[in-house]
Every structure is written in structure tokens, then in C-alpha cells.
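Here is a short tour of one chain, for you to follow with the sequence and the 3D view side by side. Take a look at the fold, and then let us go through some of its details together.

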Amino acid sequence: LFLGISVLAECLDCPELKVTADDFIHQHFNEVYKTDEFLQLDAKRVTHLNQDTLTMKADQVYDDAVRLLKYDEPNHQPFMVDIILKSDFLLYQRIS
């Protein structure tokens with residue numbers, strides 16, 4: 001729900017709503033990434049999530065990336081390197 005609100009707020013040029021939705025996404029990412037709505041996100045949006053504010057367990061980083069890539073492989077394949085690199089960076093941040 002909040003992913004869609006964020007996208008809609010961006011389209012409608014409602015920065016306050018977008019910030020609120022994005023804050024929720026980042027704070028509750030452990031639940032957000034499990035939704036079908038997350039899997040339906042454009043790969044560019046996924047790679048632009050603010051990794052500094054995501055709340056996510058280290059062991060879920062790769063699961064998240066693999067699940068996303070498998071969901072819509074033809075559309076996500078061009079972004080595979082970006083998604084994996086982002087996952088590596090998130091995992092490194094959580095372990096360090």
C-alpha cells in the first residue's frame with residue numbers, strides 16, 4: 001500500500017505525502033519487501049531506495065534480491081547487477 005502511495009505522491013507532485021510514505025517504507029521494510037506490491041515495483045525504483053535508512057535484517061538482504069529478480073526476470077534482468085550490488089552493500093553495512 002505505501003509503495004503505491006509513494007509512487008502516486010511522486011506522480012501528483014505531493015512531496016510531503018511522498019516523504020511520509022517513504023519514511024514508513026524504510027522503517028517497516030522487513031514487512032514491505034514481503035508484499036506482492038514490492039515485487040511489482042519497477043527495478044529502477046528498487047535500486048533507488050535509500051539504503052541508509054532501510055530497516056532490514058542482514059539475512060533477508062539476498063533473499064529479497066533473489067525473490068525480486070525471479071518474480072519478473074525479463075524486466076528485472078537488465079538491472080540484475082545493480083540489484084545485486086545494492087544487496088551486497090546493504091549486507092556489508094549490516095555486518096560491519
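## A serine facing inward

Let us start with S6, which has its place in helix 1. This is a predicted model, so the values below are computed from predicted coordinates. Is S6 buried or exposed? Its relative accessibility is 6%, below the 20% cut-off, so S6 counts as buried.

Which residues does S6 touch, once those up to four places away in sequence are set aside? They are K18, A21, D22 and I25.

## The buried side of helix 1

S6 has company: L3, S6 and A9 are buried in helix 1. These three cover an arc of only 130° around the axis, so they sit on the same side of helix 1. The cover over the buried residues of helix 1 includes helix 2, helix 3 (29–32) and helix 4.

## How helix 1 meets helix 2

Two packed helices are described by the angle between their axes and the distance between the axes. For helix 1 and helix 2, the packing angle is about 155° and the axes are 8 Å apart. An angle over 145 degrees counts as roughly antiparallel, and therefore helix 1 and helix 2 are roughly antiparallel to each other. On the side of helix 1, the contact is made by F2, L3, I5, S6, A9 and E10. Helix 2 brings L17, K18, A21, D22, F24 and I25 to this contact.

What is the handedness of the crossing where helix 1 passes helix 2? The crossing is left-handed.

## The loop between the two helices

Between helix 1 (2–11) and helix 2 (15–27) there is a loop, and D13 is found in it. The backbone has a detail here that you may like to check: D13 has a positive phi of about 55°, although D13 is not a glycine. As for its surroundings, D13 has a relative accessible area of 63%, over the 50% cut-off, so D13 is exposed.

## Two cysteines and the disulfide count

C11 and C14 invite a look as well. With 59% relative accessibility, C11 counts as exposed. C14 has a relative accessible area of 31%, which means that C14 is partly exposed.

A disulfide is a covalent bond between the sulfur atoms of two cysteines. How many disulfides does the count give? With the sulfur atoms required to lie within 2.5 Å, the count comes to 0 disulfides.

## L39 in helix 4

Next comes L39, found in helix 4 (residues 36–39). L39 counts as buried because its relative accessibility is 6%.

Leaving aside neighbours within four places in sequence, L39 is in contact with R67, L68, Y71 and H76. Take L68 from that list: L39 and L68 are 29 residues apart in sequence, yet their C-alpha atoms are 5.5 Å apart in space.

## The chain as a whole

Stepping back, the secondary structure comes to 8 helices and 0 strands. Read from the N terminus on, the elements run α-α-α-α-α-α-α-α.

The chain has 96 residues, and 35% of them count as buried. Among contacts with a separation of 6 or more, residues 24 or more positions apart account for 67%.

Key. Residues are numbered from 1 along each chain as its sequence is written. This is a predicted model: local features need pLDDT of at least 70, side-chain atom pairs count only at pLDDT 80 or more; totals for chains, interfaces and linings use all residues. Side-chain values use heavy atoms; hydrogens and water are left out. Helices (H or I, at least four residues) and strands (E, at least two) are DSSP runs, numbered from the N terminus. Buried means under 20% relative accessible area, exposed over 50%, partly exposed in between (1.4 Å probe, protein chains only). Contact means heavy atoms within 4.5 Å. The arc is that of the directions from the helix axis to the C-beta atoms. Axes are lines fitted to C-alpha atoms, for helices over the stretch in contact, and angles run from 0 to 180 degrees between N-to-C directions. Angles under 35 degrees count as roughly parallel, over 145 as roughly antiparallel, 65 to 115 as roughly perpendicular and the rest as oblique. A crossing is left-handed if the near helix is turned anticlockwise from the far one by less than a right angle, and right-handed if clockwise.
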